[in-house]
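Please open the model in your viewer and keep the sequence panel beside it. The tour below moves from one selection to the next and says what is to be found at each stop.

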Amino acid sequence: MAQALKTRKNRVESVNAERTFSSSDVSGIAGVSLRQLQWWDERKVVSPRHEGHRRIYLASEVVEITVIAELRRKGFSLQKIRRVLRFLQKEMGRRLAEVMQSSSDLHLVTDGKSIYLEEKQDRIIDIFKNSRQPMFLVCVSDQVRRLDHTERKPVRMEPGLLARRMRNIG
């Protein structure tokens, strides 16, 4: 019986890692505009899958976007963000499922040149103490938890579009 529960739990966790998000979902989660997401897609910062005109984001891409948004709010240039993003993509490709399952926190610590992913608070404090430049901290685990707390919303139509469709029908 315990084996069956364990298997079911693993299946649920893998579904969460494969969950997809619309641009509207990502905009709300990351606190960025739809235009910003489009701009990042056009410049290949984060390139989601396209289905017609819609952008479809994987959970790992949403985490990347939330981290990018945090770094942009902290004043990081796009060049520094790209460097952090390359590191994050390499590391998170292996660790996203682990982060989603873990109860401990994973932190990204960076000044734009030096980049660390750390779980241990003592290590994070050492990084800050030994740094010669200001370091910034983003809790990656918090970004992942934001995905879990996002509910799927029904698709809404713009009021003007709905009114036009109603006129065309009647």
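When α2 passes α4, is the crossing left-handed or right-handed? Bear in mind while looking that this is a predicted model. Select helix α2, residues 23–30, together with helix α4, residues 59–73, whose axes come within 9 Å of each other and cross at roughly 40°. Because oblique covers the angles that are neither roughly parallel, roughly antiparallel nor roughly perpendicular, α2 counts as oblique to α4. The crossing in which α2 passes α4 is right-handed. To see what makes the contact, show the side chains of Val26, Ile29 and Ala30 on α2, and those of Val62, Ile65, Thr66, Ala69 and Arg73 on α4.

Keep α4 selected and add helix α7, residues 140–148; the axes of these two helices come within 9 Å and cross at roughly 125°. With that angle, α4 is oblique to α7, and α4 passes α7 in a right-handed crossing. On the α4 side the contact is made by Ala59, Val62, Val63, Thr66, Val67 and Glu70, while α7 contributes Val140, Gln143, Val144, Arg146 and Leu147. Val62 and Thr66 of α4 are thus listed in the contact with α2 and again in the contact with α7.

While α7 is on screen, pick Asp142, which is found in that helix. The relative accessible area of Asp142 is 37%, so this residue is partly exposed. Then add Asp105 and draw a distance between the two C-alpha atoms: Asp142 and Asp105 are 37 residues apart along the chain, yet their C-alpha atoms are separated by 7.7 Å.

Move next to helix α3, residues 34–42, and select Asp41, which has its place there. Is Asp41 buried or exposed? Its relative accessibility is 6%, and because buried means under 20%, Asp41 counts as buried. Show the side chain of His50 as well, since a polar contact of 2.8 Å joins the side chains of Asp41 and His50. Leaving aside residues up to four places away in sequence, Asp41 touches Val46, Ser47, Pro48, His50 and Arg55, a set that can be shown as sticks around the aspartate.

From α3, follow the chain into the loop that leads to β2 (49–51), and stop at Lys44, which is found in this loop. Most residues other than glycine have a negative phi. Lys44, although it is not a glycine, has a positive phi of about 60°. Lys44 is exposed, with a relative accessible area of 59%.

Continue to strand β2 and select Glu51, which lies in it. Glu51 counts as partly exposed at 44% relative accessibility, and its side chain makes a polar contact of 3.2 Å with the side chain of Arg49.

Finally, zoom out and colour the whole chain by secondary structure. The protein chain has 8 helices and 6 strands, which follow one another along the sequence in the pattern α-β-α-α-β-β-α-α-β-β-α-β-α-α. Of its 170 residues, 36% count as buried, and the accessible surface comes to about 11200 Å², of which 50% belongs to carbon and sulfur atoms. On a contact map, where pairs with a separation of 6 or more are considered, residues 24 or more positions apart account for 63% of the contacts.

Key
Residues numbered from 1 in each chain as written. Predicted model: local features only at pLDDT ≥ 70, side-chain atom pairs only at ≥ 80, totals over all residues. Heavy atoms only, no water. Helix = DSSP H or I, 4+ residues; strand = E, 2+ residues; numbered from the N terminus. Buried < 20%, exposed > 50% of the residue type's maximum accessible area, 1.4 Å probe, protein only. Polar contact = N/O pair within 3.5 Å; in protein donor to acceptor, adjacent residues only side chain to side chain. Contact = heavy atoms within 4.5 Å. Areas by Shrake-Rupley, 256 points an atom, 1.4 Å probe, with all protein chains shown as cover. Axes fitted to C-alpha atoms, helices over the stretch in contact; angles between N-to-C directions. Parallel < 35°, antiparallel > 145°, perpendicular 65-115°, else oblique. Left-handed = near helix turned anticlockwise from the far one by under 90°.
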